[in-house]
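Here is a short briefing on what holds one protein chain together. Look over the sequence and the structure before reading on.

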Amino acid sequence: QVQLVESGGGLVQPGESLRLSCAASGMIFSMYAMGWYRQAPGKAREFVASIGGGGRTNYAQSMKGRFTISRDNAKNTVYLQMISLKPEDTAVYYCNIPQLGKWGQGTQVTVSS
């Protein structure tokens, strides 16, 4: 059974950084691309970034330069490093496996002074 468990969310002040993690199980992790999405209150879920099994990355235009996606295939984990956080980054962040349509439960990120 494929499972995704996100962690690392929390409350931070504007300008601070945060690293999210998503641990996968029940699959051959290195074979699959992984993605991060987010959903702010009252808004649709939006794409943040993705990374292929070989490490090729793709970002939403508005996230480039502040967000970095990476993966550690030995640990079955994908990361999202976020810097210079803004209040508008406040959202629940989800990881997913596009090929399997599998989602994690999400982790809340709140950026507020």
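How many salt bridges does the structure hold? There are 3 salt bridges. Keep in mind that this is a predicted model. The points below take the salt bridges, then the disulfide, then the nonpolar core.

**Salt bridges**

- A network of salt bridges links Arg38, Glu46, Arg66 and Asp89.
- Arg38 pairs with Glu46, and their closest N and O atoms are 2.6 Å apart.
- Arg38 also pairs with Asp89, where the closest N and O atoms are 2.9 Å apart.
- Arg38 sits in strand E4, while Asp89 sits in the loop between E8 and E9, so this salt bridge ties together parts that are 51 residues apart in sequence.
- Arg66 forms a salt bridge with Asp89 too, with 2.8 Å between the closest N and O atoms.
- That pair also links distant parts of the chain, 23 residues apart: Arg66 is in the loop between strand E6 (57-59) and E7, and Asp89 is in the loop between E8 and E9.

**Buried or exposed?**

- Arg38 has a relative accessible area of 8%, so Arg38 counts as buried.
- Asp89 has a relative accessible area of 1%, so Asp89 is buried as well.
- Arg66, like its partner Asp89, is buried.
- Glu46 is partly exposed, because its relative accessible area is 34%, and buried means under 20%.

**The disulfide**

- A search of the whole structure turns up 1 disulfide.
- Cys22 and Cys95 form this link, with their sulfur atoms 1.9 Å apart.
- The link of Cys22 and Cys95 is right-handed, with 40° about the S-S bond.
- Cys22 belongs to strand E3 (residues 18-25) and Cys95 to strand E9 (residues 91-97), so the disulfide ties together parts that are 73 residues apart in sequence.
- Cys22 and Cys95 are both buried.

**The nonpolar core**

- The largest nonpolar core has 31 residues.
- Met34, Trp36, Leu80, Met82 and Tyr93 have the most contacts inside this core.
- Strands that each supply at least two residues of the core include E3, E4 (34-39), E5 (46-51) and E7 (67-72).
- E8 (77-82), E9 and E11 (107-111) also each supply at least two residues.
- In soluble globular proteins, nonpolar side chains tend to be buried together.

Conventions:
Residues numbered from 1 in each chain as written. Predicted model: local features only at pLDDT ≥ 70, side-chain atom pairs only at ≥ 80, totals over all residues. Heavy atoms only, no water. Disulfide = S-S within 2.5 Å. Helix = DSSP H or I, 4+ residues; strand = E, 2+ residues; numbered from the N terminus. Buried < 20%, exposed > 50% of the residue type's maximum accessible area, 1.4 Å probe, protein only. Core = buried A, V, L, I, M, F, W, Y, C linked by side-chain atoms within 4.5 Å. Salt bridge = Lys/Arg side-chain N within 4 Å of Asp/Glu carboxyl O.
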